[in-house]
Amino acid sequence: MSGKPVLHYVSVRGRMEPVKWLLAAAGVEFEERILKTKDDLQKLRTDGCLLFQQVPMVEIDGMKMVQTRAILNYIAGKYNLYGKDLKERALIDMYVGGTDDLMGFLLSFPFLSAEDKVKQCAFVVQKATSRYFPAYEKVLKDHGQDFLVGNRLSWADIHLLEAILMLEEKKSDALSGFPLLQAFKKRISSIPTIKKFLAPGSKRKPISDDKYVETVRRVLRMYYDVKPN
Amino acid sequence: MAEKPKLHYTRGRGKMESIRWLLAAAGVEFEEEFIEKEDLEKLRNDGSLLFQQVPMVEIDGMKMVQTRAILCYIAGKYNLYGKDLKERAWIDMYVEGTTDLMGMIMALPFQAADVKEKNIALITERATTRYFPVYEKALKDHGQDYLVGNKLSWADIHLLEAILMTEELKSDILSAFPLLQAFKTKMSNMPTIKKFLQPGSPRKPPPDENYVATVMKIFKL
């Protein structure tokens with residue numbers, strides 16, 4: 001009898017949010033343990049639960065998995081969201097690499113000064129609209145299908161939707177030059193499991209506010225002196 | 001008739017080196033196109049770079065970008081990625097650890113002297129208290145020669161690369177890790193890897209000031 005996956009992390013979106021997206025899209029219920037104090041983190045460490053002393057950590061199928069990319073790869077593979085063969089997986093990995101880089105620019109966003117937030121916002125929007133969104137728009141245009149890879153929902157689609165929504169939080173018309181991505185966004189958002197995740201009351205985290213920022217700094221003892229790109 | 005993979009990057013280690021390691025360890029011959037300033041623009045204008053970035057590897061009819069995607073593909077193709085989902089999970093976890101460690105070292109040449117000095121101390125501490133203990137324990141717990149599944153995998157090759165890179169920073173970094181020392185010796189003597197470690201192979205030297213200047217110019221950093 002396998003229990004639900006248990007996600008161990010702090011209370012911001014950070015690196016765990018894509019894991020939640022993927023599990024939710026796959027229709028997999030999960031539990032969360034939120035680290036609130038640095039003692040919470042220390043306990044996980046002294047109990048030997050964290051391979052490299054870091055979170056995210058996900059208890060799944062008898063493993064205590066760490067390293068976000070490893071966790072995501074495993075979930076994608078387990079729930080058939082990773083393509084049908086090596087070549088489809090290659091495309092999915094490439095596309096996810098791009099959205100990972102894009103969302104990565106926003107990881108430290110909550111910890112920036114107000115002035116630096118403005119700078120970083122401009123930076124991310126510029127990268128999205130000149131480098132990343134054009135690439136995905138072209139992929140959809142070239143094959144004319146509903147999904148990025150293999151004419152079927154995959155991790156790449158879920159990750160791209162997450163990236164689009166994050167960018168739109170920074171600039172609501174971020175997709176204005178990209179009609180196919182606009183249609184893609186509507187289409188993927190209406191998939192029942194994803195629609196449920198996007199509705200209020202789901203485990204999706206809101207944008208981190210200042211209240212959480214200080215907690216995370218204390219718990220992880222990181223992000224004290226963050227600079228924009 | 002399969003063509004050789006073709007690697008597009010600057011003439012240095014950077015993000016391409018792990019790819020060179022993996023291909024070499026798998027016994028796969030490859031070609032390299034070294035980028036000078038104009039070439040990057042040309043590659044971009046030709047539409048060869050999905051996200052306008054290198055590394056890019058032409059392999060099996062694809063122009064692959066994104067280092068991890070390339071490495072995962074090569075590992076999968078040459079049976080260096082475990083036999084099932086769970087073995088792959090462990091390989092992925094181990095590789096991400098060595099990626100984090102090597103990532104810290106790769107950033108050093110581009111840092112100011114005082115920042116660099118602090119980071120070298122941090123890297124040494126992390127290597128000996130966070131990363132190497134994990135791999136030492138993995139080898140100790142199962143007593144096998146390889147990290148996962150009693151068989152050579154991408155995780156072993158990546159770990160060897162990380163060990164050698166860290167030793168370039170501090171030559172006795174493995175002094176507290178007897179199993180890793182034995183692992184290093186054994187892995188280094190595997191024929192394909194031994195060949196890669198010899199002069200004249202595609203292995204690139206550690207970055208020097210010249211390389212840093214070239215990279216800054218090409219990528220407009």
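**Exercise 1. How much of residues 85–207 of chain A is helix, how much is strand, and how far apart are the end C-alpha atoms?**

Keep in mind that this is a predicted model.

*Step 1.* Start with the record. UniProt, in an unreviewed entry, gives residues 85–207 of chain A the annotation "domain: GST C-terminal".

*Step 2.* Now look at the fold of that stretch. Helix accounts for 67% of it and strand for 0%.

*Step 3.* Finish with the two ends: their C-alpha atoms sit 36 Å apart.

*Step 4.* Try chain B too. There the UniProt feature "domain: GST C-terminal", again from an unreviewed entry, is placed at residues 84–208. Over those residues the chain is 69% helix and 0% strand, with 41 Å between the end C-alpha atoms.

**Exercise 2. Describe what chain B and chain A share where they touch.**

*Step 1.* Count the residues involved: 33 from chain B are in contact with 32 from chain A.

*Step 2.* Next comes the area. Between them the two chains bury about 2,800 Å², and 65% of that is on carbon and sulfur atoms.

*Step 3.* Pick out the big contributors on the chain B side. F51(B), M93(B) and R130(B) supply 22% of the area that chain B buries against chain A, more than any other three residues.

*Step 4.* Check for salt bridges between chain B and chain A: the count is zero.

**Exercise 3. Work out why helix α3 of chain B counts as largely enclosed.**

*Step 1.* Find the helix at residues 67–77 of chain B.

*Step 2.* Apply the cut-off: a residue is buried when its relative accessible area is under 20%. In α3(B), the residues that pass are T67(B), A69(B), I70(B), L71(B), C72(B), Y73(B), I74(B), A75(B) and G76(B).

*Step 3.* Draw the conclusion. Nine of the eleven residues are buried, so the helix is largely enclosed by the rest of the structure.

*Step 4.* Ask what does the covering. From chain B, the cover includes α1 (17–25), β3 (56–59), β4 (62–65) and α6 (154–169), and chain A adds α4 (86–104).

*Step 5.* Look just past the helix. α3(B) is followed by N79(B), which has a positive phi near 60 degrees.

**Exercise 4. Track down some unusual backbone spots in both chains.**

*Step 1.* Know what to look for: most residues other than glycine have a negative phi, and most peptide bonds are trans.

*Step 2.* Go for the cis bonds. In chain A, the bond from V55(A) to P56(A) is cis, with omega near 10 degrees, and P56(A) is in the loop between α2 (38–46) and β3 (57–60). In chain B, a cis peptide bond joins V54(B) and P55(B), with omega about 10 degrees; P55(B) is in the loop between α2 (37–45) and β3.

*Step 3.* Now the positive phi values. Q67(A) isn't a glycine, yet its phi is about 70 degrees. Q67(A) is in the loop between β4 (63–66) and α3 (68–78) of chain A. Q66(B), also not a glycine, has a positive phi of about 70 degrees and lies in the loop between β4 and α3 of chain B.

*Step 4.* Are these two glutamines buried or exposed? Q67(A) is buried, at 10% relative accessible area, and Q66(B) is buried as well, at 14%.

**Exercise 5. Find a nonpolar patch on the surface of chain B.**

*Step 1.* Locate F110(B), M216(B) and L221(B), which make a nonpolar surface patch of about 290 Å².

*Step 2.* Zoom in on M216(B), found in helix α9 (residues 209–218) of chain B.

*Step 3.* Check how open M216(B) is: with a relative accessible area of 33%, M216(B) is partly exposed.

Conventions:
Residues numbered from 1 in each chain as written. Chains lettered and ligands numbered in written order. Predicted model: local features only at pLDDT ≥ 70, side-chain atom pairs only at ≥ 80, totals over all residues. Heavy atoms only, no water. UniProt positions renumbered as here; feature names shortened; annotations may be inferred. Helix = DSSP H or I, 4+ residues; strand = E, 2+ residues; numbered from the N terminus. Patch = residues over 30% accessible without salt bridge, like charges linked within 9 Å, V, L, I, M, F, W, Y side chains within 5 Å. Areas by Shrake-Rupley, 256 points an atom, 1.4 Å probe, with all protein chains shown as cover. Salt bridge = Lys/Arg side-chain N within 4 Å of Asp/Glu carboxyl O. Buried < 20%, exposed > 50% of the residue type's maximum accessible area, 1.4 Å probe, protein only. Contact = heavy atoms within 4.5 Å. Buried area = accessible area lost by both parts, 1.4 Å probe.
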